[in-house]
Amino acid sequence: MTALGDLVRWLSDPANWQGSHGIPVRVLEHIELSGFSVLVALVIAMPIALYLGHTGRAGFIAINVANIGRALPSLALLAFGLVIAISLGLGLGFWPTVFALVPLAIPPIVTNAYVAIREVDRDIVEAARGMGLSEGQILRSIEIPLGLPVILSGIRTAAVNVVATATLGALVAGGALGRFIVDGLALQEYDQLMAGALLVALLAVATEVSFGALERATVPAGMRVVR
Amino acid sequence: MTPGEPLVRWDWIASHAGEIGQRVGEHLELTVIAVAVGVVIAFVLSLLALRIPALYGPITWTTGILYTIPSLALFALLIPYTGLSLLSAEIGLVSYTLLILIRNIVAGVRGVPVEVRDAARGMGYTDRQILWRVELPLALAVIFAGIRVATITTIGLVTVTALIGQGGMGYFILLGIQLFFSTALIVGALGSVVLAVLADAALVLVQQALTPWTHAR
Amino acid sequence: MAERAGATVELREVTKRYGDTVAVDRLSFTVPAGRICVLVGPSGCGKTTSLRMVNRLIEPSSGEILIDGQNVLADDPTQLRRRIGYVIQQTGLFPHQTVAENIATVPRLLGWPKERIQARVDELMKLIGLDPERMRRRYPAQLSGGERQRVGVARAMAAEPPLMLMDEPFAAVDPIVRERLQNEFLRLQRAQGITVIFVTHDIDEAIKLGDRVAVMRLGHLVQYAPPAELLAHPADDFVAQFVGSDRGLKRLSLLTVGGVELAPVDRAKLDGAPVLPSSMSLRDALAVMLSSEAQEAPVMDGDRYLGALSLQQIGRILRVDEPA
Ligand SMILES: Nc1ncnc2c1ncn2[C@@H]1O[C@H](COP(=O)(O)OP(=O)(O)O)[C@@H](O)[C@H]1O
Ligand SMILES: [Mg+2]
C-alpha cells in the first residue's frame, strides 16, 4: 500500500519531529488541552455529583444527564465554544475548544459519581452514622473509597471523549494533533493526515488503557476478594 | 458574530429552507444506513459470541478499540483508501455502533431467566427455536436500549462527517465556523439535537409496539 | 373417567456422576400408569437430577429409563420432551407470550391445527379455573402467583402427555394457595389419568399427593412405598426422622373413620358424644373427641349408624405400627 509507505516515511522524517509544529509539541498540546478541560469539568461536576449522590437528590437527572450528553454533537459543542469564546473576547484556538470539551466531559462524570455513591451499601453508611461519623467523614472515608472504581470509570469515559474531540480544536485554529488531520485534509497531504489520525488514535487508546489500569488498582483491598 | 449581525437571521433560514430539508434527509440517510448495517453486523457477531463464549472477549476488545479511536481519526485513516466518500463515512459510523449493540444483544440474551430457558428446553424446543422464539424476543427491550444509544451517538457523529464531504446538519455547523455565521451554526447544531430527540422518541414507540408484554398492566 | 391411560415409567439402576460426586446412585423404581410418584428428600439429595434425566434435560451416566417399555435414550430428546409435560417451581412461563400462547406452546410445536389448539386452550383454562374470555390475552406479569402456577400446569398438560414431570411446583406460593393448588391438581390428575413424577422436599406434600413416595438421601433411594406404609414402617432411622415424630398423627390423617373396625355399642349409650361422619379422617376424629372429652363416639354413614369409635382404639392403631 503506498499510503502506508507514505505514512511511515512521514513519521520517520526528522523534520516532522522538530520545532513548534513538530509531533512532540502537538502531542503535548493535545494532552495539555485535554487535561485542562477534564480538570475544569471535574472541579465543576464532582462536588455536585458527590453532594447529590450522598443525599440521594435529583437522581433522575443525575442518571440521565449522560444520555443527554450523548445527543450533543461534538461539532455543535465546538460551534458553541466558538461563540462563547469570541463573545468573551478570548479569541480562537485554545479557549473555544475548552468551552466545547468541558460540557462534553461533565455528563459521564456526574452520572458515574452519582451512581458510585448511591451504590454503596446503605447499611454500611447507617452503621457509620451510628458510630458517630459526620456526613463529611462518611463521604470521605466510606462512600468515595468504596465508589472510587466507578467514579474513575466515569472520568475515563470523559477523558477518552475529550481526547477524541480535542482533535476538532484544529478547526477553530487550535493546535494539538487535530492540526495534522485538518491540514492534511485541506492540503490533501494524506501522509500527514494519516499520521495525525494514528497519533490521536494511539493517544485515545492509551488514555483508555491507563485509566482502566488505574480503576483496577483502586478497588479497595477488602473488595478484591469478592470480585 | 460580526458586530451588528443578529444571532439568528430568519430570512437566511427562509431562503435556505430547501437546502435545510435536503441536509436533514442526508443526515437521516447516513444515520439509518449506519445503524441498520451496524445492527446486522453486530447481530452476526453477537450470535457468534453467544455460540462460542471464548470469542466474546476478542470481539468486544476489537470493537472497543474501534469505539475508542476518535471519529475524525478513523475517517482520516480511511480517506487514502475509500476517499471523501459516503463509504468512508459509513465505515466509520458503523464501527462506532458495534460495541454498544453487541454488548446489549449479548447481555439481553444472557439475561433471559434460566427457568424460562429451562422450561422451553423441557417442552421440546430445539436450540434454534429457543434462540428465535424465546431468547431474542425477551432480549428485545435491552437490544432496543442499545439501538437507541447507537442511534443518538450516530446522529451526533454524522455532523463530523461534514469534514469529509458528507455531514447532513454538520455541513451548516462547518459553514458557520468557517464564515463566523451564527445562523448556520445554530441551524446545524440545533437541527442535529432535534433529530436525535425525535429519533429517540420514535424508537421508543417502535419498541413499545414490539414488546407489549413489558408495559401491560 | 380417565380419557387416556398414563404411561408406565421404569428407572433401572440410573446413575448420574459429576466428576467424582455421584448425584444419583443406581436409582431403580417403577411408577404404574396413571399414578403419582413423589420423590422426596432433603435438599441436594438428587431429586431434580433424577427428574431431569427422565426427559433428558440431563443425560444419565448409566442405567436405563423406560417409558411404556421404550428406552428414552432411543428417542430424539426434543421429540421425547414434547410428549412429556414439564412443570417447575419458577413456572418458566414465557413473559412475552399471553396465557393462551403459553398454554399452546407444545401443541404448536407438534403442528396441531389452529381450531384444535384453541379448543384445547379453552378447555384447559376452564379446568384450571381461569375464565378464558377474561384471562386469555393476559401476560404472565398480570397474573397472581397461584394463577401463574395453574397456567404452568395447564401448559404442561396441553398436548395430552401420558407423563408429567413436576419439580417443586407449589413450593413458591403461600400455604393457603398451595393447599388449593394441590387439591385442584389431584382432581385434574385423576380426571386426565396422567402419570406424574413429582418432586418436593416437603414430606407433608409427598404424603398428601403421592400414590407412591420415593424417599431419597445422598443420591440413594432409601424407601419406595405408599404413604401409609411409609408412615407405618419407615425403613430406617433416617426415614423415621424425615417423616417426623408425628408420623403416627400423619398416618391417622390418611385413614378414615369408616375404614376402622368399630365396636357394636348401643347407639343410645353414645348420646351427647359428637357424631363422626364415616368419611372423616381419624386425625380429625381424634381432635373432635379430645376436645369434647368423649371416650367413645358414634360413626354415621349418612343416617346409618355403623358403630362406635373409641380413643383407646385410635391409640391402638397409633401403636400397632411403631418400629420394633
Ligand atoms: N451440574 C452439576 N455439576 C455438579 N454437581 C451437580 C450439578 N447438578 C447437581 N449437582 C449436585 O448433585 C446433587 C443433587 O442435586 P439436585 O438433584 O439438584 O438435588 P435436589 O433437587 O434434591 O435438591 C447435589 O449435591 C448437587 O450439588
Ligand atoms: Mg431440586
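This briefing walks through the chains, contacts, cavities and backbone oddities of the structure above. Keep in mind that the model is predicted. Chain B is built from helices, with 9 of them and 0 strands, while chain C has 14 helices and 13 strands. Chains A and B share the most contacts of the 2 pairs of chains that touch, and the count of cavities of 30 Å³ or more comes to 2.

**Chain B**

- Reading from the N terminus, the elements of chain B go α-α-α-α-α-α-α-α-α, in line with its tally of 9 helices and 0 strands.
- Taken along the principal axes, the C-alpha atoms of chain B fill a box of roughly 75 × 45 × 25 Å.
- Chain B has 217 residues, and 53% of them count as buried.
- If you take contacts in chain B between residues at least 6 apart in sequence, 76% of those join residues at least 24 apart.
- The accessible surface of chain B is about 9,200 Å², and 70% of that belongs to carbon and sulfur atoms.

**Chain C**

- Here you get a mix of elements: 14 helices and 13 strands in chain C.
- The C-alpha trace of chain C spans about 70 × 55 × 35 Å along its principal axes.
- Of its 324 residues, chain C has 55% that count as buried.
- For contacts in chain C between residues at least 6 apart in sequence, the share joining residues at least 24 apart is 65%.
- Chain C exposes about 14,600 Å², with carbon and sulfur atoms supplying 48% of it.

**Who touches whom**

- There are 2 pairs of chains in contact, and the pair with the most contacts is A and B.
- Chain A and chain C don't touch, and their nearest C-alpha atoms sit 25 Å apart.
- Between chains B and C, 20 residues of chain B are in contact with 24 residues of chain C.
- Chain B and chain C bury about 2,000 Å² between them, and 62% of that is on carbon and sulfur atoms.
- On the chain B side, the residues that lose the most area to chain C are R121(B), M123(B) and W213(B), which together make up 30% of what that side buries.

**The largest cavity**

- The largest cavity has a volume of about 90 Å³.
- Its lining is made of L127(C), I128(C), Q149(C), R150(C), V153(C), F170(C), L181(C), E184(C), F185(C), R187(C) and L188(C).
- Two helices of chain C, α7 (145-157) and α8 (175-192), each supply at least two residues of this lining.
- α8(C) gives the most to the lining of the largest cavity, at 5 residues.
- By residue type, the lining of the largest cavity divides into 7 nonpolar, 1 polar and 3 charged.

**The second largest cavity**

- The second largest cavity comes in at about 40 Å³.
- Chain B has a hand in this one: M123(B) is in the lining, along with R81(C), R82(C), I84(C), G85(C), Y86(C), V106(C), R155(C), A156(C), A159(C) and P161(C).
- The chain C elements that give two or more residues to the lining of the second largest cavity are α2 (77-82), β6 (84-88) and α7.
- β6(C) gives the most to that lining, with 3 residues.
- The lining of the second largest cavity divides into 7 nonpolar, 1 polar and 3 charged residues.
- M123(B) therefore turns up twice in this briefing, as a residue lining the second largest cavity and as one of those in chain B that lose the most area to chain C.**Backbone oddities**

- As background, most residues other than glycine have a negative phi.
- F180(B) goes the other way, with a positive phi of about 55° although it is not a glycine.
- You'll find F180(B) in the loop between α8 (170-179) and α9 (182-210) of chain B.
- F180(B) is partly exposed, with a relative accessible area of 35%.
- T91(C) also has a positive phi in a residue other than glycine, near 65°.
- Look for T91(C) in the loop between β6 and α3 (99-103) of chain C.
- T91(C) is buried: its relative accessible area is 11%, which falls under the 20% cut-off.

Notes: Residues are numbered from 1 along each chain as its sequence is written. Chains are lettered from A and ligands numbered from 1 in the order in which they are written. This is a predicted model: local features need pLDDT of at least 70, side-chain atom pairs count only at pLDDT 80 or more; totals for chains, interfaces and linings use all residues. Side-chain values use heavy atoms; hydrogens and water are left out. On a 1 Å grid over the protein atoms alone, a cavity is a set of points where a 1.4 Å probe fits but cannot get out, and a pocket is an open set with protein on both sides within 12 Å along at least five of seven lines; lining residues have an atom within 4 Å of a point. Grid points are joined across faces, edges and corners, and a volume is the space filled by probe spheres set on the points. Helices (H or I, at least four residues) and strands (E, at least two) are DSSP runs, numbered from the N terminus. Ala, Val, Leu, Ile, Met, Phe, Trp, Tyr, Cys and Pro count as nonpolar, Asp, Glu, Lys and Arg as charged, and the others, Gly among them, as polar. Buried means under 20% relative accessible area, exposed over 50%, partly exposed in between (1.4 Å probe, protein chains only). Contact means heavy atoms within 4.5 Å. Accessible areas come from the Shrake-Rupley method with a 1.4 Å probe; for residues, only the protein chains shown count as cover. Buried area is the accessible area (1.4 Å probe) that two parts lose on being put together, summed over both.
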